[in-house]
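Me: Got a minute to go through a structure with me? I'll hop between topics as I look.

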2 protein chains.
Amino acid sequence: MGETLTEHENQLDGQDQKQGPDAGGALYRRVAADLREAITTGAYGEAGRLPAEGALAERYGVSRGTVRQALAVLRADGLVTSRRGTRRVVLGNARVQSFSELLSFTHWARSMGEEPGGQLESLIRRPADAAEREQLRLDPGAEVYVTLRLRTLSGTPVMVERTIYPPHVGVLVAKLPPDVVSHTEHLREHGILFTDADHTIDVVAANGEDAKLLGCRRGAPLLRERRRTTDPTGRPVEWSQDRYLPGMVAFSVHNSLATSALSRHARESD
Amino acid sequence: MGETLTEHENQLDGQDQKQGPDAGGALYRRVAADLREAITTGAYGEAGRLPAEGALAERYGVSRGTVRQALAVLRADGLVTSRRGTRRVVLGNARVQSFSELLSFTHWARSMGEEPGGQLESLIRRPADAAEREQLRLDPGAEVYVTLRLRTLSGTPVMVERTIYPPHVGVLVAKLPPDVVSHTEHLREHGILFTDADHTIDVVAANGEDAKLLGCRRGAPLLRERRRTTDPTGRPVEWSQDRYLPGMVAFSVHNSLATSALSRHARESD
DNA sequence: GGGGCAAAGTTGGCTGACCAACTTGATGGA
DNA sequence: TCCATCAAGTTGGTCAGCCAACTTTGCCCC
């Protein structure tokens, strides 16, 4: 009971417990956000112990179940441990970005204080091949929109992005001016939402096109991320293949016995 | 109400609702396992809708809260969507492996039906440098154990593994014969548990040592995975750097607005 | 001092209940 | 026919309570 925190000590002040404009509307999200803040600023120390669930519940004026929900978020992000019988322990200062920073090159760049750029090299419409129909769950005979873009950070080329869009998304992309930086943002404003994504990360050699755009040798190694994104209803909205120059980017994941989402697997035929 | 499933229709048969020897002890884990089975075998169709939470609760004879806990697992694995107002939809057949398959080269290889091998090239004990003390949370003056191993799949070299162990783990590793395939398994039997891991994935060029062991050119691109693993108490037990030959392996992640754990970030200095 | 043991503290798991927010489909009117 | 409205169905979120399993601490006894 002798714990005295200089901050994070009162019960979610602001707006009479209504949804404040800063934090997420749900109670457990606000508790999670507050605890995350407290942890990353070192309020509990490097490997310190968190207060008990009951104590947190009392402090925030919520039920223990809500606190548990909040802590589950932090556990999934790899911020704290979680085992029966003992208090939670701070694991690390893992800064896990928002979902959008992973999906949108633009958001990611801006969050680092860099200026993102994108130049559309080509946009064509053509019938989908078998693999594309499979990935985007399209009927035989359906068409797809294929874009090729060179992405830059503060002017220097970083990544080549090849994206396949299903028709209902492609028509919107096709209407965009070629110098629009963020397709994702534009699509969101037109009601196309991105909620789930599967990522696969490996290494490939640069082909002629990659080499010309990125200014590297043909055959030079590139970090490749393939991504299939779906909307809230589960409908695929994008199938993209991004190729990064080495040394510019790395991908980070946390996984644990509790919640694992990453998997290593043998590369299937390309 | 007209749903008739040929399987997965009764209430978790076996052992009088006690923890069966096959499934996880917790009730929600068994429900999750059963639903995963049903989904991956296509019982609900490609993009079909799952039964309502209430219906599942009744079917399995558990409360709705338990069903929700089970479904949260599937949602985190990217198997189903989850939005307010409508039934859950099957997202994909994502086969997410167990935590151990990611941490242990041996487990991973065996799960693919390949024969893993490992040859210890060197094992030395020396004072930890600043970075190692930081990663493994060691006191100044502490020593570390450094291993270098060449990993093979069915005889062919695949990966070079450099692992830094803190003293309490290193002493155990040092006692192992040089041809032990799975260090992880051996350590687990001696009470060293692996529960949480942070992974960072990027590309590096092979140095002279890599080239000699893997049989590739110096400067050839390798897929690098750096991993820091901790035990249940949050204490670091390993800091490893694995370098894979390209084309042999890829990493997969699922993330969503609900649960995001992956992050892309600019590469800091090496 | 050391080892075993009991008790307190803490998280995991499960239940039942309630309301809010949202989606979908049907109904009915312009 | 088309559109607005409404009602039913469904998931999200929160609460209170209970017990089990586990860890840690401190006590007692040898």
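Me: What sits over the ring of A:Tyr60?
Reply: That's the charged end of A:Arg59, 6.0 Å from the ring centre. Keep in mind that this is a predicted model.

Me: And in chain B, which ring does the charged end of B:Arg59 sit over?
Reply: The ring of B:Tyr60, with 6.0 Å to its centre.

Me: OK, how does chain B lie on chain A, what turn and what shift?
Reply: A turn of 180° with a shift of 0.0 Å along the axis lays chain B on chain A, and the RMSD is 0.1 Å. The two copies are therefore related as by a two-fold rotation axis.

Me: Which C-alpha of chain B is nearest the axis?
Reply: The one of B:Pro221, at 2.8 Å from the axis. Both copies also use the same surface, as 100% of the contact residues of chain B recur in chain A.

Me: Switching to the DNA. Which residues come nearest to strand D?
Reply: There are 24 residues around DNA strand D, and the nearest of them are A:Leu27, A:Ser63, A:Thr66, B:Ser82 and B:Arg87.

Me: What share of the strand D atoms within 4 Å of the protein is sugar or phosphate?
Reply: 73% of them, and the rest belong to bases.

Me: Which part of A:Leu27 lies 2.2 Å from a phosphate oxygen there?
Reply: A backbone N or O atom of A:Leu27 is what lies 2.2 Å from a phosphate oxygen of DNA strand D. From chain B, B:Ser82 brings a polar side-chain atom to 2.6 Å from a phosphate oxygen of that strand. The side chain of B:Arg88 has an N or O atom 3.2 Å from a phosphate oxygen of DNA strand D.

Me: Which helix gives the largest share of the surface near strand D?
Reply: Helix 3 of chain A, with 3 residues. The elements supplying at least two residues each are helix 1 (27-40) and helix 3 (64-76) of chain A, plus helix 3 (64-76) of chain B.

Me: Now strand C. Who comes nearest there?
Reply: Of the 23 residues around DNA strand C, the nearest are A:Ser82, A:Arg87, B:Leu27, B:Ser63 and B:Thr66. As for the strand's own atoms within 4 Å of the protein, 74% are sugar or phosphate and the rest belong to bases.

Me: What does the side chain of B:Thr66 put 2.6 Å from a phosphate oxygen of strand C?
Reply: An N or O atom. B:Arg84 has a polar side-chain atom 3.3 Å from a sugar or linking oxygen of DNA strand C, while A:Arg83 has a polar backbone atom 3.5 Å from a sugar or linking oxygen of the strand. Helix 3 of chain A, along with helix 1 (27-40) and helix 3 of chain B, are the elements giving two or more residues to the surface near DNA strand C.

Me: Away from the DNA lines of questioning: how many aromatic pairs are there over all chains?
Reply: The structure holds 4. One of them is A:Tyr244 with A:Phe251, an edge-to-face pair at 6.0 Å centre to centre, with 75° between the planes.

Me: Are A:Tyr244 and A:Phe251 buried or exposed?
Reply: Both are buried.

Me: Last one, why does A:Thr106 count as buried?
Reply: Because its relative accessibility is 1%, and the cut-off for buried is under 20%. A:Thr106 is in helix 5 (residues 105-111) of chain A. Not counting residues up to four places away in sequence, A:Thr106 touches A:Pro116, A:Arg151, A:Val181 and A:Ser182.

Note on methods:
Residues are numbered from 1 along each chain as its sequence is written. Chains are lettered from A and ligands numbered from 1 in the order in which they are written. This is a predicted model: local features need pLDDT of at least 70, side-chain atom pairs count only at pLDDT 80 or more; totals for chains, interfaces and linings use all residues. Side-chain values use heavy atoms; hydrogens and water are left out. Helices (H or I, at least four residues) and strands (E, at least two) are DSSP runs, numbered from the N terminus. Buried means under 20% relative accessible area, exposed over 50%, partly exposed in between (1.4 Å probe, protein chains only). Contact means heavy atoms within 4.5 Å. Rings of Phe, Tyr and Trp (its six-membered ring) pair if their centres lie within 6.5 Å; planes under 30 degrees apart count as stacked, over 60 as edge-to-face and the rest as tilted. A charge sits over a ring if NZ of Lys or CZ of Arg is within 6 Å of the ring centre and within 35 degrees of the ring normal. Copies are superposed by least squares on the C-alpha atoms of residues with pLDDT of at least 70 in both. A residue is near a molecule or strand if one of its heavy atoms lies within 4 Å of it. A polar contact is a pair of N or O atoms within 3.5 Å; within protein, one must be able to donate a hydrogen and the other to accept it, and residues adjacent in sequence count only if both atoms are side-chain atoms.
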